[in-house]
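Biologist: I have a new structure to look at and could use a walk through it. Can we go over it together?

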Amino acid sequence: DEKDSLQKEKNGQDHLSPRKDTVILIVEDEKNIRDLLKDVLFDYVIHEAKDGVEALKEIEHNHPDIIISDVMMPEMDGLELCNHVKSDMAYSHIPVVLLTAKTTLESKVEGLESGADVYLEKPFSIKQLHKQIENLLKLRLAFHKQMTDITIGSSSSLSDFAISQKDVEF
């Protein structure tokens, strides 16, 4: 079963250095999947929500560094949640990883069009999830450094980068 195969993969993985300063919000309606994700992401600070509505409250109160969300959930699904996050200036910088059993090309495109940074199919690889998180954190730090190094008043500096208006406002 999915949990056993993911657990076996976890036991054989190289452990990342602890990142107790990184907050991950897990949004999943199935408790066993939430528990599994909490278990394999033990080296991060984990917050959780059962659906998108609850997740929006968590985001407002805990300002996660990354959101990992199922797509199919009651109340508000992962696509709606991703759209809310990516359209809100206060949270649009937060990377979103969508997890789903939907494997069609149309579903993948829909997930990415909602603003998701990563779209992983269930069952997913624990190693791949860890590497995606690590890469998203590195990209976010590099982007933050670039933005702090850029003088907003200098149009020549801005022209060297592909920066959206929302990024400049952020």
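Modeller: Here is a walk through the overall fold, the strands, the cores and a few backbone details. Keep in mind that this is a predicted model.

Biologist: Fine. How many helices and strands does the chain have?

Modeller: There are eight helices and five strands. Reading from the N terminus, the order is α-β-α-β-α-β-α-β-α-β-α-α-α.

Biologist: And what share of the chain is buried?

Modeller: Of the 170 residues, 39% are buried. The chain exposes about 9,300 Å², and carbon and sulfur atoms supply 51% of that area.

Biologist: What about contacts between residues far apart in sequence?

Modeller: Take the contacts with a separation of 6 or more: residues 24 or more positions apart account for 59% of them.

Biologist: Let's go to the strands. How does strand 3 pair with strand 4, parallel or antiparallel?

Modeller: Strands 3 and 4 run parallel and are joined by four bridges. Ile68 stands opposite Val97 of strand 4.

Biologist: And what links them along the chain?

Modeller: Helix 4 does, as part of a right-handed β-α-β unit with strand 3 and strand 4.

Biologist: What does strand 4 do on the strand 5 side?

Modeller: Strand 4 pairs with strand 5 in the parallel sense, over four bridges. There, Leu98 is opposite Tyr119. Strand 4, helix 5 and strand 5 make a right-handed β-α-β unit.

Biologist: How many residues of strand 3 are buried?

Modeller: Five of its five residues are buried. On one side of strand 3 these are Ile66, Ile68 and Asp70, and on the other Ile67 and Ser69, so both faces are covered.

Biologist: Why would neighbours end up on opposite sides?

Modeller: In a regular strand the side chains alternate between the two faces of the sheet.

Biologist: And strand 4, how many of its residues are buried?

Modeller: Five of its five as well. Val96, Leu98 and Thr100 are buried on one face of strand 4, with Val97 and Leu99 buried on the other.

Biologist: Now the cores. Which residues have the most contacts inside the largest nonpolar core?

Modeller: Leu41, Ile68, Val97, Leu129 and Ile133 do, in a core of 20 residues. At least two residues each come from strand 1, helix 2, strand 3, strand 4, strand 5 and helix 6. Helix 6 gives the largest share, five residues.

Biologist: Is there a second core, and what is in it?

Modeller: Another core, of 19 residues, lies apart from the largest one. Met73, Leu81, Cys82 and Leu98 are among its residues.

Biologist: Back to Leu129. What does Leu129 touch?

Modeller: Leaving out residues up to four places away in sequence, Leu129 touches Leu37, Leu41, Ile68, Val97, Leu120 and Phe124.

Biologist: Leu37 is in helix 2, right? Which residues of helix 2 are buried?

Modeller: Helix 2 covers residues 31-40, and its buried residues are Ile33, Arg34, Leu36, Leu37 and Val40. They cover an arc of only 160° around the axis, so they sit on the same side of helix 2.

Biologist: Why can residues with gaps between them share a side?

Modeller: An α-helix has 3.6 residues a turn, so residues three or four places apart point the same way.

Biologist: Last topic, the backbone. Where should I look for something unusual?

Modeller: As background, most residues other than glycine have a negative phi, and most peptide bonds are trans. The peptide bond from Lys122 to Pro123 is cis, with omega near -10°. Pro123 lies in the loop between strand 5 and helix 6.

Biologist: And the phi angles?

Modeller: His63 has a positive phi, near 40°, and is found in the loop between helix 3 and strand 3. Phi of Glu75 is also positive, near 65°.

Biologist: Where is Glu75, and is Glu75 buried or exposed?

Modeller: Glu75 is in the loop between strand 3 and helix 4. Its relative accessibility is 68%, so Glu75 counts as exposed.

Key. Residues are numbered from 1 along each chain as its sequence is written. This is a predicted model: local features need pLDDT of at least 70, side-chain atom pairs count only at pLDDT 80 or more; totals for chains, interfaces and linings use all residues. Side-chain values use heavy atoms; hydrogens and water are left out. Buried means under 20% relative accessible area, exposed over 50%, partly exposed in between (1.4 Å probe, protein chains only). The arc is that of the directions from the helix axis to the C-beta atoms. A nonpolar core is a set of buried Ala, Val, Leu, Ile, Met, Phe, Trp, Tyr and Cys residues joined through side-chain atoms within 4.5 Å. Contact means heavy atoms within 4.5 Å. Two strands pair if DSSP finds at least two bridges between them. A crossover is right-handed if, with the strands pointing away from the viewer, the path from the first strand over the helix to the second runs clockwise. Accessible areas come from the Shrake-Rupley method with a 1.4 Å probe; for residues, only the protein chains shown count as cover.
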